[in-house]
Each structure stands twice: as C-alpha cells, then as structure tokens.
Amino acid sequence: MYYQNKLDTLRDLFGTPDIELQANSLRVGSVHYPIHDDVILLSSPHPHEFAEDIQFTFGEEWKTYDRILPEHQQEFLRYFDLIPPGSLTQARVCDLGCGNGRWSFLIKDSCREVVLVDFSDAIFVARRNLKGTDKALFFRGDLKSLPFREGFADFLFCLGVLHHLPTPCLEEVRALRRWAPKNLVFLYYALDNRPFYFRLLLAMVTGLRLLLCRIRNQTLRKIISHLGTVGVYYPLILLGKILRPLGLSRHVPLYDFYHDKSYRRIEQDVYDRFFTRIEQRVSRQDILKLKDTFSKVTVSDQFPYWHFLCEQ
C-alpha cells in the first residue's frame, strides 16, 4: 500500500489524527476517500464554481501529451527564477493543478515531499510520471474545496491554472494564502508589455477559440492542433528567426517562447490555447494590487509573462 509509510503526512495534511488507511480507501474522520492507482479521490467540486468542459479538456490534453519533454527543464528554470536554489530542501511543496506532473518531477529531488493536486484525470498521468519517487502524494480534487488544514504546505506553485477557472483568477490567488506562506503563480498576461497589434491578434484568436472549444472529438482536436502548429506557429517562429539579426524578433508574436521548442511541445500548447473556453488575462499592475492581501508580491521581468511570487 503506497500510503502505508505516509500516514503521519496524511494526518498533518488533513489536520486530524483520526485517519485510517483501508484496502482501497482512506478514512478521514467519517469521510471515506477512494484510492485508485495510488490517487486519493477527494470530494466532487461545487457545481456552481466548476466548469466540466475545462475538466474534460485538461484531462484529455494531458492524456494525449503525457510525456515530460527535455524543454520542460528549461521552462522549469524560467518559472522558478524567483526561488533561491536550495531554499526548498526541507519544504513540503504543493503542485496545485499539476497536469501531467512535469514540474513536480523536476522539483521532487529539491524538496522534502511534494503534494500533487489536479481536478482532472491528468492526475493519473502524473502518478505514472512520478512512479520512481516515494515522496509524492496524489489527489484528484477541486483546488477550490480542498479538505486540507490551513498552511498544510510550506511552498505552493500554481502555474497556468487559475486563469482557466470560471471565477476571477486574482481572487483565487488571494485564496491561496490559506494554504501556504509562499505561492508561485503564473497567469496569462494581458499583453501589456507588447505592441498594440498583439492585442488585436489576440482578439481575433479569442473569437476562433470560442468556436473551436466546442469540439469534443479527440481526433479532430488533434488534427486542428497539428494545423495550428505548422500553419500558424511555425511560420511566425520562422519570421522571428529571419528578423532576429535586426533585433526585431521580439516584435513577432509567439517567437520569444516557442523558437526553441519541439514540435510536440508547441502542438500541446496549441491544443491548450484553442480548446479551452475560459481564458482570463491580467496585467502587471493587476498583479501588484495583490499587495492588499500579501506582504510582498514579486513579479518576474523574465519570460513567461506574468509569473510572480506572493509571500505572507
């Protein structure tokens, strides 16, 4: 039983000593949580604050793009540029909205233990990707209604998740304060540091996205993702490379982030962007308003925009 040697951790997570590990479930007080493939299945999300189509999309995305790729290491270093090396050695880290577990896979050897949470079946993909470690705990559940005690983690990161919720993403960032004293977050940026035509293109893409996100057929989604990769992303990356000697590549949409990415990595992002109904975007100034909740908010000046660290 995978959790047999993790009962003390589970007691601390749930904030109660009244825990019993059973054959296929975990009893916490009077509540029984099923366990399937080492994943603890938490309660169903609140119906008024939950988007079933978003759950479906991300579950299918990470089952389709399940592998951890070499370029994820470079992305990891970019996202975690605000975290001093070695500072998490004794920390319990929470990966909130873990997807296929790529970030937890890359941080697992730098922390004491890692708690992975996702509301879709992607959590089972994450379990497979972290099968070689014994210090990870896996939960399928809604990040808005976790049954854990306040302050259960020393450090929490939530990258590319909250802007897809049907509730205001900055309010969800504020809510993270109850779980950990330090929270690393990435939200889609409002192109506030880009030329005006970036925002015009985004408006056009948004209209297309709201049409395509209604498609549920996985084969058709895969075909569209391929066409978007070779017909849109690749030409813009090529244009950026042509203009780079002139110092103009940053003025080409998509070039900065994707010029060094593999086909599969780009295709996964095309899938992510075009089949997700909800997409909130925030400016740097919006993020700095979080100082009304946190004692310190640090926004990274480095790509990807905007990722930031909130501290109590």
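**Rings, cores and a buried histidine**

Modeller: In this predicted model, ring pairs join Tyr-189, Tyr-233, Phe-257, Tyr-258, Phe-303, Tyr-305 and Trp-306 into a cluster.

Biologist: How do Phe-303 and Tyr-305 pair, then?

Modeller: Phe-303 and Tyr-305 meet edge-to-face, with 4.7 Å from centre to centre and 80° between the planes.

Biologist: And are those two buried or exposed?

Modeller: Phe-303 has a relative accessible area of 18% and therefore counts as buried, the cut-off being under 20%, and Tyr-305 is likewise buried, at 12%.

Biologist: How many aromatic pairs does the structure hold?

Modeller: There are 27 aromatic pairs in the structure, and one of them is formed by Tyr-234 and Tyr-263, again edge-to-face, at 6.3 Å centre to centre and with 75° between the planes.

Biologist: Which parts of the chain does that pair link?

Modeller: It links distant parts, since Tyr-234 belongs to helix α8 (residues 218–243) and Tyr-263 to helix α10 (residues 263–274), the two tyrosines being 29 residues apart. Tyr-234 is partly exposed, with a relative accessible area of 35%, and Tyr-263 is also partly exposed, at 29%.

Biologist: Switching to charges, which residues lie over the face of Tyr-2?

Modeller: Lys-6 lies over the face of Tyr-2 at 3.8 Å from the ring centre, and Arg-127 lies over the face of Tyr-2 as well, at 4.4 Å from the ring centre.

Biologist: OK, now the interior. How many residues are in the largest nonpolar core?

Modeller: That core has 97 residues, and those with the most contacts inside it are Leu-10, Phe-14, Phe-80, Phe-139, Phe-148, Leu-162 and Phe-308. Strand β8, which covers residues 155–159, gives the most to this core, contributing five residues.

Biologist: What is Phe-308 in contact with, beyond its sequence neighbours?

Modeller: Leaving aside neighbours within four places in sequence, the contacts of Phe-308 include Leu-82, Val-173, Leu-184, Val-185, Ile-287, Leu-290 and Val-299, and also Asn-183 and Thr-298. A second, separate core has seven residues, among them Ala-51, Ile-54, Phe-58 and Ala-122.

Biologist: Last one, His-72. Where is it, and is it buried or exposed?

Modeller: His-72 is found in helix α3 (residues 71–79), and it counts as buried because its relative accessibility is 2%.

Biologist: What lies around that side chain?

Modeller: A polar atom of the His-72 side chain lies 2.9 Å from the backbone nitrogen of Leu-69. Setting aside neighbours within four places in sequence, His-72 as a residue is in contact with Arg-67, Arg-102, Trp-103, Leu-106 and Arg-265.

Key: Residues numbered from 1 in each chain as written. Predicted model: local features only at pLDDT ≥ 70, side-chain atom pairs only at ≥ 80, totals over all residues. Heavy atoms only, no water. Core = buried A, V, L, I, M, F, W, Y, C linked by side-chain atoms within 4.5 Å. Buried < 20%, exposed > 50% of the residue type's maximum accessible area, 1.4 Å probe, protein only. Helix = DSSP H or I, 4+ residues; strand = E, 2+ residues; numbered from the N terminus. Contact = heavy atoms within 4.5 Å. Polar contact = N/O pair within 3.5 Å; in protein donor to acceptor, adjacent residues only side chain to side chain. Phe/Tyr/Trp six-rings, centres within 6.5 Å; stacked < 30°, edge-to-face > 60°. Lys NZ or Arg CZ within 6 Å of the ring centre and 35° of its normal.
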